[in-house]
Each structure stands twice: as structure tokens, then as C-alpha cells.
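Take a look at the structure below. We will go through it step by step, from the DNA to the helices.

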There are 2 protein chains.
Amino acid sequence: MLFRQLEYFVALARERHFARAASACYVSQPALSEAIRKLEHELGVPLVWRGHNYEGLTPEGERLVLWARRILAEHDSLKQEVAALQTGLTGRLRLGVIPAASGTVALLTDPFCAEHPLVNVHLETSLRSSEIVDRIRRFELDAGLVYPDDQDVSDVLVHPLYEEQHVLVANGELVAGYADTISWSDALELPMCLLNEGMRGRQLIDAALAAHDLKLTPRLETDSFVSLLAHVGTGRWACIIPQTWLRTLRPPAGARVLRLEAPSLRSSIALVTSAAEPGPVLARALRRTAQNAEIAGTLGTAPPSDE
Amino acid sequence: MLFRQLEYFVALARERHFARAASACYVSQPALSEAIRKLEHELGVPLVWRGHNYEGLTPEGERLVLWARRILAEHDSLKQEVAALQTGLTGRLRLGVIPAASGTVALLTDPFCAEHPLVNVHLETSLRSSEIVDRIRRFELDAGLVYPDDQDVSDVLVHPLYEEQHVLVANGELVAGYADTISWSDALELPMCLLNEGMRGRQLIDAALAAHDLKLTPRLETDSFVSLLAHVGTGRWACIIPQTWLRTLRPPAGARVLRLEAPSLRSSIALVTSAAEPGPVLARALRRTAQNAEIAGTLGTAPPSDE
DNA sequence: ACAGGCGATAAGGGTGGCTTATCGGTCGGC
DNA sequence: GCCGACCGATAAGCCACCCTTATCGCCTGT
């Protein structure tokens, strides 16, 4: 059995299409077809349901693809680790980040890159926590920043980094009557833009409101924190975002930041990595960086000022 | 990189000799030499110190061999698991057993073989606990029965099975004056044969005696429980062995079994398996058997009678 | 000095995997 | 109902890789 066959097989499981999988592996379609056939022959089991199209994996195939992904991941880890012994860490760190942490991730990646100048970091910042954890399990990502709550964290290592606390951001004139705090019910009176209902950051807000028997129907919904702040920047909108956003990015000109009355919204952000032992060097190095980076300290000292 | 290259490399690390490693892999010596060379070229690091003889592995090589063993073990696990889905469990379960448990191991292997008739079980019963654990870490054994005390059990799963308690076995005439108990100091008066000083079962006895400021210099030492009992069978010797031996094997004709006065010698026996996740199917199945087999119950009910 | 052991090198041969070209079969659109 | 597009299997040829045997260079022990 060859590593190449396992790569082809994993590609096929991912692409669900022989020709696409072949092209993803930079080989011709017959080459991939035959490799799969050889694999099936060697194991003595059909791995793929063969209709006239690809029709999914057999139970044996489903089982094999888990092992294959693991073995290929360890194959990568092996190469990276050996390479690290001579030149220091190299290679690519694939990091999945929930949008809420797309600003704070720099507090992690920046010291990491400083420590390991030869490592290439690839970020994906539009993923949901569950997608990130799944892809770490499939060894398609090395690590992720997620909301660990409500996640199935079996088979992954969870390393809490900091707690985010939500604040209201609005143009100074819209909230002229408030010192540095605003009640939830007053907040509802403002022209509000929020994240989409499918997003966890929004669900946190909805849940907090529901606890007060309040409900918010924002005039504008978006999938991006940046566009939230951009709307605030027009002077006619308010939004609710994690305060951590304002420590790493400056609030729009003219905007003020108000704390929301208790119960404040808190949700923890964690670094997750595969629990496979000993796992890829890069993930280990990232965990080490996270321990040293004092991220909670950097973010948690004081709420951002609105000067 | 091919699985075959990793196999060759692991064989070389084990045999410490190119020609022997090649022969162990059923290939010619140049084939193995070139495969290693290719591996080094591919990784861009020397893996083997090249003098005129084999001179050990470089740091990178030491690191690689750990990964290689792991990957090859997972490769095996993969094949076994896929095969198990169609025909039930098959393959070979490699089990390392300390001599003290070479009788009781049947309580585990027997139900296991009954449950999984297609599995071939290979026992090695002359290993020390530390050797067993090391070889499990190197994926050369699937599981073992060991004394978990004093062992470094990182990277392995430990599953306690039962406690052994030592008893004295001697011909009836030698111990005619005793009911069913004998003191340690009286025991010293008997012509005693014991295990070698290097063996854990002997060290337990020496430690217990040392606690009473006693010391035993047996007339005869051996590395085998069977030969101990054989000497007892002559009628002129006494020995001290775990009682569990007498539940699975009958004591010699004419022999009597006496409990030793407090503090009784107790030492636990555990099943250990690799902690690699999810690990080989066979090891998982063996753990399941161990849970169901009620071994402690079977052995611990009452001390063996000497009828 | 010489023999023997060890690992590297050389030359040749066979297998296996990759390529392009083509086929058989199914499905969707007109 | 037919035609075309798409999908995966098959065919034939080629190349590369890996294994073999034979030999060499070097060191070591006697």
C-alpha cells in the first residue's frame, strides 16, 4: 500500500467525483481510478459504491478514510518535524478562525511568526466553530480559534485564550445621553445592525435578550463585523460587538463605546488543536506560543477607550 | 515516501546492521541501502551516521523512527480494521506477559479467542514489565500483562486486572506442624528455592523480608515458576509464589499451600495497551474482553485449597 | 599481509503506474 | 425520441523506479 493511494482515496472522498479528485491530485482520471481499484483489491473489500457515477463510500471505505487522513497527517508531521530539527520550524500552519476572533488572532499569529520566521501561516476566517473542529479532526486544519461552548470537543485539545465581552458601538450623537453604560432596553431603541441569525455572536445576543424577555429585530443583518463597524461609521447605526474587536482595530471616527448593563455577554474563545499524539510540530509550537502570549492579559486589562 | 522505505528504516534501526535489516525485510542489501539513501535525500537530512559500519541514527533519524513505527502501526490497524468489518476480527494479537502472569493470561486469552475465532494470538511470556511497555510503545506488541507499579506508564493505557498474593508451597511433611499459615521467619528455615534476584516477583519477597529485618538466601534460584514447583514436587523444597498460579495450575502432588503471615505480599497485575488513538482494533477488543471477563472475581474469591 | 565483514556502487531487467485515446452507459434538454 | 454532455472504465504504449547479482573499497582482526 502506498501513501499515494491513500492520498487519492482521501481526495476522492472529499471531491466525490473521480475526475475532480484526479485533477486535485494532478494525475489523470484513469490513474486515480486504477489506484482506487488496487487499494480495493489489496484490502479485498469494495471501498466505493460503483454506480455509473460516484455514489459514496462503503462502510469499509468510510472507516478507511478516517485512517488514511490520520496517516497522511502523521506523514506530514513526520516531514515537518524532521525538517524542524535542521532549520527550525518550517512549513504551513493552517489556522481556522471564527469571524469574531479574526482581529484578535493577530495577538497569536504575530508572536508565532516572530518566533518561527520560516513558517507560513494560512488563515481562514469565515468558518463556524463546528466546521473548524470538524476540519481539525479531518486533519485539514492544524488549529483553530473557536467558541468552545456547545462544541463537541472530543478528540481535540482545547486551550482557552480569553473571554470576550460585548459592547455597544454607536455614533456619539446617537448615544449622547449616556455616560459609559446603556441598558439593553435602551439599546433596542437605537437603529441597530447585527450579525446574521445563524452566527454564534448573534445568538449570544439573542439569548441574553431573551433572558430579559426582550427581542431585537435589527434593521440590517450582515455576516461581517467590518461591515457592522462600517455602518456605525456612517453615524446612523449602532451595533453590538465583542470589545476585543476594538482593542485590535480602532472604532470608527465619531463612534463611542458603551458597556451594556448586566448580565454582560461573555463567551470564551479557545485555541483548539488535534488531540492526536504527539501531533504536528506546528500545532505544538502554536500552543506554546499561546501559553506565553498572555492574550487574556493583553485584552482583558481595561475596556477600550473611545477617545 | 513509501511505506516500504519506512519499514526498511525501522528494520535498520532495530537490527543496527544493513545486511541483517535487508534480510529481515526479504530484500537484498543494496535495495535497502538505496531506499535509506532515497529517504535521506527526500527529507534532506542524513538519518544514519555513516562510518564504515552502521554507527547509529542521527537525531533526525531517531525522531523519524518514532514516527515511522507509529505510521506503520496505524497502517496495520487500518488493514485489520477494514478486514474486521467484513469477516470479524482477524490477524495476530501480539501479547507480552510477565512470567508471573503466564498462567493467568489464559483467563484473558481464552474468552478472547472464543469471541474472536479468527484471531491468532501470539504470546511471549519471558519478558520483564519494562520490556513489555517499551515494546508496546514501539508498536512491536499490541498489549501486555505487567506489574504496573514502578513502570513509566505514560503513553500507554493501564487496565488493572487483579491482585496477586504470595503463598508458600511445600511438601506436606516439610510443613507438618502448621495449619494453614506460616510466619516469615519460620519460612526461612525451610529449604527454599526462589526466582532470580533480577525478577520482580523475587524483589517483592526480598522487600517484604527487609521490612522485617529478615533476609533470605535461597539454596536455589531460577527464572521459571514451573521449575520452582517442580522442585517442590520432589518433596524436599519450598517456594513462594503468587497464589494465582495455583488456581490455574494444580500444585504438585503431596504439596501443601500455606498463607504467609502479615504483611501479605500483594502486587497488582494490569493489562496495558498503546494509548495511540484509536489504536489497533485487536487491542480495543482485548480491553473489552478484559472488562467482561471478571478476572479479579475468578481469581480472588478464595485462596486455593491444598486438597 | 591477508582474509573476512560491511556497506557502496554498477549494470541489467522486470514490474507497476502514468499518459492519451477511446468506449459504454446514463441523464437532461429540445 | 434523439442528441449531446458527462462520468467512469478500458486499452495500449511508455517510462521510471526498484530490485536483482556482481563487484569494489575500506577497515579490522589475527
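How many residues surround DNA strand C, and which are the closest? Keep in mind that this is a predicted model. In it, 17 residues surround DNA strand C. The closest are Ser28(A), Phe18(B), Pro30(B), Ser33(B) and Tyr54(B). Three elements give two or more residues each to this surface: α3 (29-43) of chain A, and α2 (18-24) and α3 (29-43) of chain B. The largest share, 4 residues, comes from α3(A). By class, the surface near strand C has 8 nonpolar, 6 polar and 3 charged residues.

Now turn to the other strand. DNA strand D is surrounded by 18 residues. Here the closest are Phe18(A), Pro30(A), Ser33(A), Tyr54(A) and Ser28(B). The elements giving two or more residues are α2 (18-24) and α3 of chain A, together with α3 of chain B. This time α3(B) gives the most, with 4 residues. The surface near strand D divides into 9 nonpolar, 6 polar and 3 charged residues.

Next, see how the two protein chains meet. In chain A, 23 residues are in contact with 23 residues of chain B. Helix α4 (residues 59-87) of chain A supplies the largest share of chain A's side, 16 residues. By class, that side has 13 nonpolar, 3 polar and 7 charged residues.

Go back to α3(B), which gives the most residues to the surface near strand D. The helix has 15 residues. From its first C-alpha to its last it reaches 21 Å, close to the 21 Å expected at 1.5 Å a residue. Which of its residues are buried? They are Leu32(B), Ala35(B), Ile36(B) and Leu39(B). Seen down the axis of α3(B), these residues fall within an arc of 95 degrees, so they line one face of the helix. The spacing follows a general rule. An α-helix has 3.6 residues a turn, so residues three or four places apart point the same way. What covers the buried residues of α3(B) includes α1 (3-15), α2 and β1 (48-50) of chain B. On the other side of the helix, Pro30(B) and His41(B) are exposed. Pro30(B) is also one of the closest residues to DNA strand C. After α3(B) comes Gly44(B), with a positive phi near 75 degrees.

A second helix can be read in the same manner. Helix α8 (residues 200-211) of chain A has 12 residues, which should span 16 Å at 1.5 Å a residue. Its end C-alpha atoms are 17 Å apart, which agrees. Gly201(A), Leu204(A), Ile205(A) and Ala208(A) are buried in α8(A). They cover an arc of only 95 degrees around the axis, which puts them on the same side of α8(A). Their cover includes strands β6 (156-171), β8 (192-195), β10 (238-242) and β12 (266-274) of chain A. The face turned away from the buried side carries the exposed residues Ala207(A) and Ala210(A). Just after α8(A), Asp213(A) takes a positive phi of about 55 degrees.

How confident is the predictor in chain A? The mean pLDDT of chain A is 85, and 96% of its residues reach 70 or more. Strand β5 (residues 143-146) of chain A has the highest confidence, at 94. Helix α12 (residues 295-300) of chain A has the lowest, at a mean of 70. Over residues 301-307 of chain A, pLDDT stays under 50. For that stretch the model has 11 contacts beyond four places in sequence.

Conventions:
Residues numbered from 1 in each chain as written. Chains lettered and ligands numbered in written order. Predicted model: local features only at pLDDT ≥ 70, side-chain atom pairs only at ≥ 80, totals over all residues. Near = placed C-beta within 6 Å. Nonpolar A, V, L, I, M, F, W, Y, C, P; charged D, E, K, R; others polar. Contact = placed C-beta atoms within 7 Å. Expected span 1.5 Å × (residues − 1). Buried ≥ 20, exposed ≤ 12 C-beta atoms within 10 Å, placed from the backbone. Arc of directions from axis to C-beta. pLDDT = per-residue confidence, 0-100.
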